[in-house]
Amino acid sequence: MRIAILANSLPAAVTIYDEVQTLPDTEVFVLLAPVSGDGKLFEHVARFAAKSDRLKSLELVSKRAVVRLRKPFQHPESIARLKELKFDLGLHKSGNIYRRDTIECFRLGILNAHIGLLPKYRGRSVMEWSLVQGDPPGISVFFVDEGIDTGRRIVCSETVDVSPCPTISEAKQKLFNLDAKFYRRAIELLQHDETKFQVNDGSGHRYYVMSDLFQEVAAKSLAANPSSKI
């Protein structure tokens with residue numbers, strides 16, 4: 001299986017690369033593309049990445065595991081290059097929402113590790129909203145479409161215990177830091193021919209960035225449930 005980590009900077013992709021490149025029968029690459037059309041921000045990020053993680057950058061480059069696109073993922077030039085590379089699976093680690101033409105460049109599609117339990121919690125601040133409503137937070141790995149957390153095929157979805165975390169920011173960071181392990185778990189499931197997808201049926205709600213007032217409520221909910229282990 002040829003796997004590509006879609007990112008805008010190399011440091012963002014390193015942990016995922018290290019986790020999934022040890023899977024059997026896989027080739028893993030990091031696809032770097034600029035966020036903006038002119039690529040200037042990407043040039044700055046690329047230089048910063050080389051300085052901040054030089055050894056890892058050199059290792060990945062020496063393995064020819066880094067593919068740099070000059071244009072954003074949705075640009076026709078990038079799409080043409082992606083078609084040439086013939087990837088089976090993409091792993092989302094960029095700041096992009098992908099268009100259909102980009103998604104279809106990957107034989108299976110592009111996975112996203114969403115820090116919310118689908119289908120109930122879509123959108124932003126979903127960990128906080130789940131705490132406010134008394135539900136356990138978690139992570140769902142699903143195949144994206146052009147919408148916001150609306151892709152119908154969920155590969156895996158599990159609760160995560162954040163009760164040891166003293167603050168909302170630390171709890172959220174814990175979930176973000178688990179993306180590599182959840183991607184690996186999803187790939188292992190996909191390597192079996194009889195993968196059974198859960199259905200993201202749209203029955204939940206799309207949430208938006210939580211206000212400061214509700215952030216305080218979420219923090220109190222986290223502190224009030226130290227025994228919320230799942």
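Me: Which two residues touch the most other members of the largest nonpolar core?

Reply: They are Leu-91 and Leu-111, in a core of 47 residues. A nonpolar core is a set of buried Ala, Val, Leu, Ile, Met, Phe, Trp, Tyr and Cys residues joined through side-chain atoms within 4.5 Å. Before we go on, note that this is a predicted model: local features need pLDDT of at least 70, side-chain atom pairs count only at pLDDT 80 or more, and totals for chains, interfaces and linings use all residues. Residues are numbered from 1 along each chain as its sequence is written, and side-chain values use heavy atoms, leaving out hydrogens and water.

Me: Which residues does Leu-111 touch?

Reply: Setting aside residues up to four places away in sequence, the list includes Leu-89, Leu-91, Val-141, Phe-143, Val-155, Tyr-183 and Leu-190. To be in contact, residues need heavy atoms within 4.5 Å. Another core, of 21 residues, lies apart from the largest one, and Leu-85, Phe-142, Val-144 and Ile-154 are among its members. In soluble globular proteins, nonpolar side chains tend to be buried together.

Me: Why is Trp-129 called buried?

Reply: Buried means under 20% relative accessible area, exposed means over 50%, and partly exposed lies in between (1.4 Å probe, protein chains only). Trp-129 has 17%, so it falls under the limit and is buried.

Me: Why does Phe-214 count as partly exposed?

Reply: Its relative accessibility is 36%, between the two limits, so partly exposed is the right label.

Me: What makes Lys-83 count as exposed?

Reply: Lys-83 has 53% relative accessibility, over the upper limit, so it is exposed. Lys-83 sits in helix H4, residues 76–85. Its C-alpha atom is 8.0 Å from that of Phe-106, which is 23 residues away along the chain. In the protein chain as a whole, 47% of the 230 residues count as buried.

Me: How many aromatic pairs are there?

Reply: Rings of Phe, Tyr and Trp (its six-membered ring) pair if their centres lie within 6.5 Å, and planes under 30 degrees apart are stacked, over 60 edge-to-face, and the rest tilted. The count by this rule is seven.

Me: Why is the pair of Trp-129 and Phe-214 called tilted?

Reply: The ring centres are 5.4 Å apart, within the limit for a pair, and the planes stand at 45 degrees, so the label is tilted. Trp-129 belongs to helix H6 (residues 126–132) and Phe-214 to helix H9 (residues 212–224), so this pair ties together parts that are 85 residues apart in sequence. Ring pairs also bring Tyr-121 and Tyr-207 into a cluster with Trp-129 and Phe-214.

Me: What lies over the face of Phe-143?

Reply: Arg-153 does, 4.0 Å from the ring centre. The rule asks for NZ of Lys or CZ of Arg within 6 Å of the ring centre and within 35 degrees of the ring normal. Phe-182 has Arg-185 over its face, at 4.6 Å from the ring centre.

Me: How many bridges pair strand E7 with strand E8?

Reply: Five bridges join E7 (residues 138–143) and E8 (residues 153–159) in the antiparallel sense. Two strands pair if DSSP finds at least two bridges, so five is enough. One of the partnerships sets Val-141 against Cys-156 in E8. E8 also joins antiparallel strand E9 (residues 198–199) through two bridges, where Ile-154 stands opposite Gln-198.

Me: Why is one side of E3 and E9 left without a neighbour in the sheet?

Reply: The open sheet has eight strands in the order E3-E2-E1-E4-E5-E7-E8-E9, with mixed pairing. E3 and E9 stand at its edges with a single partner strand each, so one side of each has no neighbour in the sheet.

Me: Which residues does a cis peptide bond join?

Reply: Leu-118 and Pro-119 are joined this way, with omega about 5 degrees. Pro-119 lies in the loop between strands E5 and E6. Most residues other than glycine have a negative phi, and most peptide bonds are trans.

Me: What is the phi of Ser-125?

Reply: Ser-125 has a positive phi of about 55 degrees although it is not a glycine. Ser-125 is found in the loop between E6 and H6, and at 9% relative accessibility it counts as buried. Asp-149, in the loop between E7 and E8, also has a positive phi, near 60 degrees.

Definitions and conventions
Helices (H or I, at least four residues) and strands (E, at least two) are DSSP runs, numbered from the N terminus.
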